[in-house]
Amino acid sequence: MDETTGTIGLVEQELTPESPHSREPSDIPLIPRDLKVKLKEQRLIIEWNDGRRSDILFSDLRRVCPCAACRSERGEQAKNPLRILKYDPGQLRVTGARLVGNYAIQFSWSDGHDTGIFDFRFLRSLQDPESGS
Ligand SMILES: [Zn+2]
């Protein structure tokens, strides 16, 4: 019986503290390289710094508006399934947009609503299948 058989391989094993093929994207801040607010088409097109692209309809954005008023409205709907729509979401339009710091966009809507601040991570997560829902 050879006592050394099978031990040599272990010695040559490489120890790498971090895998270069790590799929964690969390250490790279996602920044839009290009932001297009298309008022005519009512959509937002974002070219991200990792080469991906988001194409988001404003009508979808309003439905997930993160502001306190919209959130509580959606909370009420969850408690009471009867929906009294004050407006037709299909007719709401974005009339303007501005950057908030360098992390978010704030939209103005045709009904005067402008308190929703959509940060870039949130916008990215809307169409990123890896981040789930
Ligand atoms: Zn809102």
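Modeller: Two strands are said to pair if DSSP finds at least two bridges between them, and with that idea in hand we can begin to read this predicted model. A first case is lysine 36, whose bridge partner in strand 2 is isoleucine 45.

Biologist: Before going further into the bridges, how many helices and strands are there in the protein?

Modeller: The protein has four helices and six strands, and read along the sequence they follow the pattern α-β-β-β-α-α-β-β-β-α.

Biologist: How many bridges join strand 1 to strand 2?

Modeller: Strand 1 and strand 2 run antiparallel and are joined by six bridges. Besides the pair already mentioned, proline 32 has tryptophan 48 of strand 2 as its bridge partner. The two strands also form a hairpin, with four residues between them.

Biologist: What is the phi of glutamine 42, and how should I read such a value?

Modeller: The general idea is that most residues other than glycine have a negative phi. Glutamine 42 has a positive phi, near 55°, although it is not a glycine. This residue lies in the loop between strand 1 (32-38) and strand 2 (43-48), and glutamine 42 counts as partly exposed because it has 14 C-beta neighbours inside 10 Å.

Biologist: Which strands stand at the edges of the sheet with the order 1-2-3, and what does an edge position leave without a neighbour?

Modeller: In this open sheet of three strands the pairing is antiparallel. Strand 1 and strand 3 (53-57) stand at the edges, and each has a single partner strand, so one side of each is left without a neighbour in the sheet. Leaving direction aside, neighbouring strands of this sheet are turned by 10° against each other on average.

Biologist: How many bridges join strand 2 to strand 3?

Modeller: There are five bridges between strand 2 and strand 3, which run antiparallel, and one of the paired residues is glutamate 47, whose bridge partner in strand 3 is arginine 53. These strands form a hairpin with four residues between them, and glycine 51 in its turn has a positive phi of about 90°.

Biologist: Turning to a residue within a strand, is arginine 33 buried or exposed, and why?

Modeller: A residue is called exposed if 12 or fewer other C-beta atoms lie within 10 Å of its own. Arginine 33, which lies in strand 1, has 11 C-beta neighbours inside 10 Å and therefore counts as exposed. Leaving aside neighbours within four places in sequence, arginine 33 is in contact with Glu47, Trp48 and Asn49. The C-alpha atoms of arginine 33 and isoleucine 46 are separated by 7.5 Å, although the two residues stand 13 residues apart along the chain.

Biologist: What is the order of the strands in the sheet that holds strands 4, 5 and 6?

Modeller: These three strands form an open sheet in the order 4-5-6, with antiparallel pairing. Strand 4 (94-100) and strand 6 (117-119) are the edge strands, each with a single partner strand, so one side of each has no neighbour in the sheet. From one strand to the next, the twist averages 25°. Strand 5 and strand 6 pair in the antiparallel sense over three bridges, and phenylalanine 118 of strand 6 is the bridge partner of isoleucine 105.

Biologist: Which residues make up the largest nonpolar core?

Modeller: That core has nine residues, namely Leu44, Ile46, Phe58, Leu61, Val94, Ile105, Phe107, Phe118 and Leu123. Strand 2, helix 2 (58-63) and strand 5 (104-109) are the elements that give two or more residues to this core. Phenylalanine 118 touches Leu61, Pro66, Ala104, Ile105 and Leu123, when residues up to four places away in sequence are not counted.

Biologist: What percentage of the residues count as buried in the protein as a whole?

Modeller: Of its 133 residues, 8% count as buried. As for the contacts in the protein with a separation of 6 or more, residues 24 or more positions apart account for 37% of them.

Conventions: Residues numbered from 1 in each chain as written. Predicted model: local features only at pLDDT ≥ 70, side-chain atom pairs only at ≥ 80, totals over all residues. Buried ≥ 20, exposed ≤ 12 C-beta atoms within 10 Å, placed from the backbone. Core = buried A, V, L, I, M, F, W, Y, C linked by C-beta atoms within 7 Å. Contact = placed C-beta atoms within 7 Å. Axes fitted to C-alpha atoms, helices over the stretch in contact; angles between N-to-C directions.
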